[in-house]
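Could you walk me through this fold in plain prose, with the cut-offs spelled out as they come up? Let's take it one piece at a time.

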Amino acid sequence: MTLKSIALASLLALPVSAFADWQLAGDDSSVNFVSVKKSTIAETHFFKSVSGAISDEGKAEVTIDLASVETNIPIRNERMQKMLFETAKFAEATVSTSVDAAKLKALKPGQTMSVNADVTVAIHGESKTHKAKLHVTGLEGGSLLVTTKAPILLNAGDYKLLEGIEKLREVAGLDSISPMVPVTTSLVFEQK
């Protein structure tokens, strides 16, 4: 419940550039993460607000509003915002990478290509690069669907979030909350 939000945030929030070729369609996109408590209870969470773009040069960036974390339990949302993400100090997470824009533009509707990417996730004042396996599918009108082929595993310790996880564990009276957070994304970019 703690780290999952972070993991998702790390994958799918792109800031919008004035000259971006593709803009993230936030309502059609999702960044999801899984938290595991008591060693065996897994729960899926997501962020309600993500934005981003892929520029003509192939620079992709997604920005995740950490205060938009949704766990389907209002008090847990609030605790994650305050105790884990510390949104008053660290409001956003960003995920960035570089892609071959020419290959993206060449995709025809229904055509999918696999992409191995180095994805940099910045959250809570820390930044780390992860290997990601993605599928990029061409949609009508030149839009793109970018999905994770496999979850991206984020370690809360890499982002100085272990203290926040411990606070959440204590306040919820849990034996454990895993610091490993699988993150998946489904992002739609509309050609502009």
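Val-183 sits in strand S12, which covers residues 180-191; strands here are DSSP runs of E with at least two residues, helices are runs of H or I with at least four, and both are numbered from the N terminus. With a relative accessibility of 0%, Val-183 counts as buried, a label that means under 20% relative accessible area, while exposed means over 50% and partly exposed is anything in between (1.4 Å probe, protein chains only). Its C-alpha is 5.1 Å from that of Ile-152, although the two are 31 residues apart in sequence. Keep in mind that this is a predicted model, where local features need pLDDT of at least 70 and side-chain atom pairs count only at pLDDT 80 or more, while totals for chains, interfaces and linings use all residues. Residues are numbered from 1 along each chain as its sequence is written, and side-chain values use heavy atoms, with hydrogens and water left out.

Ile-152 belongs to strand S11 (residues 152-155), where the side chains alternate: Ile-152 and Leu-154 point to one face and are buried, whereas Leu-153 and Asn-155 point to the other and are not. S11 pairs with S12 in the antiparallel sense over four bridges, pairing being called when DSSP finds at least two bridges between two strands. One of the matches puts Leu-153 against its bridge partner Pro-182 in S12.

Staying in S12, we also meet Phe-189, which is buried at a relative accessible area of 2%. The C-alpha atoms of Phe-189 and Ala-25 are separated by 5.7 Å, with their positions 164 residues apart along the chain. Leu-24, in strand S1 (residues 20-24), is buried too, with a relative accessible area of 13%. The C-alpha of Leu-24 is 9.8 Å from that of Leu-145, 121 residues apart along the chain.

What about the core? The largest nonpolar core has 43 residues, and Phe-47, Ile-64, Phe-85, Val-136, Leu-144 and Phe-189 touch the most other members. Such a core is a set of buried Ala, Val, Leu, Ile, Met, Phe, Trp, Tyr and Cys residues joined through side-chain atoms within 4.5 Å. Strand S8 (residues 112-123) gives the most to this core, with six residues. In soluble globular proteins, nonpolar side chains tend to be buried together.

S8 leads on to some more strand pairing. S8 and S9 are antiparallel and share twelve bridges, and Ala-117 has Ala-132 in S9 as its bridge partner. His-124 lies in the loop between S8 and strand S9 (126-138); in this hairpin, with two residues between the strands, His-124 takes a positive phi near 55°. Most residues other than glycine have a negative phi. At 11% relative accessibility, His-124 counts as buried. S9 is in turn joined by five bridges to strand S10 (residues 144-148), again antiparallel, with Leu-134 opposite Thr-148. The hairpin of S9 and S10 has five residues between the strands, and there Gly-141 has a positive phi near 75°.

Another hairpin comes from S4 and S5, with three residues between them and Gly-58 in the turn at a positive phi of about 90°. Five bridges join S4 to the antiparallel strand S5 (residues 59-65), and Gly-52 stands opposite Val-62. Five of the six residues of S4 (residues 50-55) are buried, so S4 is largely enclosed by the rest of the structure.

Now for the helices. The axes of H2 (residues 74-85) and H4 (residues 162-172) come within 8 Å and cross at roughly 140°. Axes are lines fitted to C-alpha atoms, for helices over the stretch in contact, and angles run from 0 to 180 degrees between N-to-C directions. H2 and H4 are therefore oblique to each other, given that under 35 degrees counts as roughly parallel, over 145 as roughly antiparallel, 65 to 115 as roughly perpendicular and the rest as oblique. Just before H2, in the loop after strand S6 (69-70), lies Asn-72, which has a positive phi of about 70° although it is not a glycine. Unlike the buried residues above, Asn-72 is exposed, with a relative accessible area of 59%.
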